[in-house]
Amino acid sequence: MKKKFIIKNQNKTLKELFPEHFTKFTGWAKTNTELSEAWLMYFKNNIIQYGFGGSGEWRINEKKQYQFDSEIDYEATNIEVESRLIEEAKRRGYSENNYKCLVSPEFTHVTDGILFLDERTNCFAVGLEGSCNILMKDGVWAEVFNVMTKKEAEAKFNIVIR
C-alpha cells in the first residue's frame, strides 16, 4: 500500500513554505571569520561578483563559484563600503581630470570631488548625483592616465606654455 503525504497549506508555493532555501542575497557583504578583516565582496543573487580579497586586493570573481553563506557572511554598511572604495580609488591614483567616466567618457567633467556609492546602479561615483563621473561600475574601474601640470610639461618638453 502506498503512503500518501498530505501537505497543509496546499495553496502555498515551495518558496512560501521554505523561504530560507530561496533567499538570494544581493549587496555588499563581509565575513565574520578571523581569517580576514579585509574581505569585502559584492554579491548578486548569492554569488560573489567582485570586491576585496583576503589581503585587501581588488578582484573580480570570473568563475562565479563562491556563494553567500549566512553562517559567516553578513551585510556591510554603506559607510564600510564607501570607505574601502575611497581607499582603493586613492591607491589607484584617481584625482581630478586624470580619468574618463565609465558611462559617458565624452562627458567627463570637473566635479565637487564628493565620492559616493550609488546603490541603484551599483556604481562608485564622484560628484553630485545626476551630475557625476562613474569611477567603478560592476567591478570595473575607470582607467587612470597621467596628467602633467603646466610646469611639468614645460620642463619635460623644454617649452614655455602661455
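Author: Two residues are in contact when they have heavy atoms within 4.5 Å. Before we use that, note that this is a predicted model in which local features need pLDDT of at least 70 and side-chain atom pairs count only at pLDDT 80 or more, while totals for chains, interfaces and linings use all residues. Residues are numbered from 1 along each chain as its sequence is written, and side-chain values use heavy atoms, with hydrogens and water left out.

Reader: Let me try the idea out. Which residues is Leu-85 in contact with, leaving aside its neighbours within four places in sequence?

Author: Leu-85 meets Trp-28, Phe-52, Trp-58, Leu-117, Phe-124, Met-136 and Trp-141.

Reader: What is the largest nonpolar core, and which residues have the most contacts inside it?

Author: In soluble globular proteins, nonpolar side chains tend to be buried together. A nonpolar core is a set of buried Ala, Val, Leu, Ile, Met, Phe, Trp, Tyr and Cys residues joined through side-chain atoms within 4.5 Å. Buried means under 20% relative accessible area, exposed means over 50%, and partly exposed lies in between (1.4 Å probe, protein chains only). In this model the largest nonpolar core has 19 residues, and those with the most contacts inside it are Trp-28, Trp-58, Leu-85, Leu-135, Met-136 and Trp-141. Two or more residues of this core come from each of β2 (40-44), β3 (47-52), α2, β7 (123-128) and β8 (131-137). With three residues, α2 gives the most to this core. Another core, of six residues, lies apart from it and includes Phe-25, Ala-29, Phe-43 and Ile-48.

Reader: What do labels like α2 and β2 stand for?

Author: They name DSSP runs, numbered from the N terminus: helices (H or I, at least four residues) and strands (E, at least two). Helix α2, for example, covers residues 78-92 and holds Val-81.

Reader: Is Val-81 buried or exposed, and which residues does Val-81 touch, not counting those up to four places away in sequence?

Author: Val-81 counts as buried because its relative accessibility is 1%. Its contacts, counted that way, are Trp-28, Leu-40, Ala-76 and Leu-117. You can also compare positions by C-alpha atoms: those of Val-81 and Gly-51 are separated by 9.7 Å, and the two residues are 30 apart along the chain.

Reader: How do I read strand pairing? Which sense do β1 and β2 pair in?

Author: Two strands pair if DSSP finds at least two bridges between them. Here β1 and β2 pair in the antiparallel sense over four bridges, with Ala-29 opposite Met-41 in β2. Strand β1 also runs antiparallel to strand β5 (residues 73-75), joined by three bridges, and Lys-30 stands opposite Tyr-74 in β5. As for cover, β1 spans residues 27-31, and five of its five residues are buried.

Reader: Where does Gln-49 lie, and why is Gln-49 classed as buried?

Author: Gln-49 lies in strand β3. Gln-49 is classed as buried because its relative accessible area is 16%. Beyond its neighbours within four places in sequence, Gln-49 contacts Tyr-42, Phe-43, Lys-44, Ile-60, Asn-61 and Lys-64.

Reader: Charged residues next! How many salt bridges are in the whole structure?

Author: Side chains of opposite charge can pair when their charged atoms come close. A salt bridge is a side-chain nitrogen of Lys or Arg within 4 Å of a carboxyl oxygen of Asp or Glu. The whole structure has four salt bridges. One of them links the side chains of Arg-59 and Glu-57 at 2.3 Å, N to O. Arg-59 is partly exposed at 41% relative accessible area, and Glu-57 is partly exposed at 27%.

Reader: Which residues does helix α2 hold in salt bridges with Glu-88?

Author: Glu-88 and Arg-91 both lie in α2, three residues apart, about one turn of the helix, and their side chains meet at 2.7 Å, N to O. Arg-92, also in α2, is four residues from Glu-88, again about one turn, and the side chains of Glu-88 and Arg-92 meet at 2.8 Å, N to O. These shared partners join Glu-88, Arg-91 and Arg-92 into one network. Glu-88 counts as buried at 3% relative accessibility, Arg-91 is exposed at 59%, and Arg-92 is partly exposed at 28%.
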